Amino acid sequence: DSPADGKIRAYAVFAHCFTCSKELKSIVNINKSLTDLGYAVLRFDMTGIGGSEGYFPDTNFTTQIEDFLSVAAYLAKNHKPAKLLIGHSLGGSAALFSAMKLPHSRAVVTIASPAELAYLAHKLKNTKARAKKENTAETEIGGMKFKFKPQFFNDIETYSLKDKLPKLNKAYLIMHSTADTYSDISNAEELFNNAAEPKSFISLDDIDHLMLKKKDAEYVGRLIGTWAEKYM
């Protein structure tokens, strides 16, 4: 998604939430605000999601990081390196771990992201138990059915942000809503406390987890673009 006038201030990469896709309305609307402010934003589907190839049950958090880094490499080769990295929910976690391997990136934004990856495994504890017993377990998320193998849970539980965040060495913006019923705002507090400076936190008040209202998503996009300006 590029500025209409072709004048690009900086490039960004946007990672969607767990089991969402790059076509989620909120991402499109956030990017509309960002392009109005001069950012070119590359949104993409993780492996096994949306328009991307691959088999979702064979993916895990490690493959999500690999996807993010692959997209960033494509952007750097064909345009310019991304200075701004954005991720929604679990996509924010992928953005954080990827940022540590992308020296040209200057700022990271997470929206409604978990403080630790193990929290997702806990939310899916029944699916995890069935997967370990039957080797594959199917569950419904956001109205769609997804299959999980034990390797997904084994992989995600090896990651911890607590020890990594002090070494991020990028400007970091945490965005979360007090009204988020999927991911409690205590996650944002934990992320903020564990992160090193420079760090910022913006409460999104009554905005839902998926930011499905157009005005909410565009507001989030304007906030991101304005905050990131000093680091570009």
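Two strands are taken to pair if DSSP finds at least two bridges between them. With that criterion in mind, the tour of this predicted model begins at the sheet.

**The first strand pair.** Select strand S1 (10–15) and strand S2 (39–44). The two run parallel and are joined by six bridges. Within this pair, display Ala 15, whose bridge partner in S2 is Phe 44.

**The whole sheet.** Extend the selection to the six strands of the open sheet, which follow the order S2-S1-S3-S4-S7-S8 with parallel pairing. S2 and strand S8 (199–203) form the edges; each has a single partner strand, so one side of each lacks a neighbour in the sheet. From one strand to the next, the twist averages 15°.

**Helices across the sheet.** Next, add helix H2 (residues 61–78), which lies across S1, S2 and S3 and runs at about 155° to S1. Then show H8, which lies across S2, S3, S4, strand S7 (171–176) and S8. The direction of H8 is at about 160° to S7.

**Helix H1.** Now select residues 25–36, the twelve residues of helix H1. At 1.5 Å a residue, H1 should span 16 Å; the end C-alpha atoms are 17 Å apart, which agrees with that expectation. Which residues of H1 are buried? They are Ser 26, Ile 27, Asn 29, Ile 30, Asn 31, Ser 33, Leu 34 and Thr 35. To see what covers these buried residues, display the elements that include S1, S2, strand S3 (84–88), strand S4 (107–111) and helix H8 (214–228). Finally, move to Gly 38, which follows H1 and has a positive phi near 100°.

Terms used
Residues numbered from 1 in each chain as written. Predicted model: local features only at pLDDT ≥ 70, side-chain atom pairs only at ≥ 80, totals over all residues. Heavy atoms only, no water. Helix = DSSP H or I, 4+ residues; strand = E, 2+ residues; numbered from the N terminus. Expected span 1.5 Å × (residues − 1). Buried < 20%, exposed > 50% of the residue type's maximum accessible area, 1.4 Å probe, protein only. Contact = heavy atoms within 4.5 Å. Axes fitted to C-alpha atoms, helices over the stretch in contact; angles between N-to-C directions.
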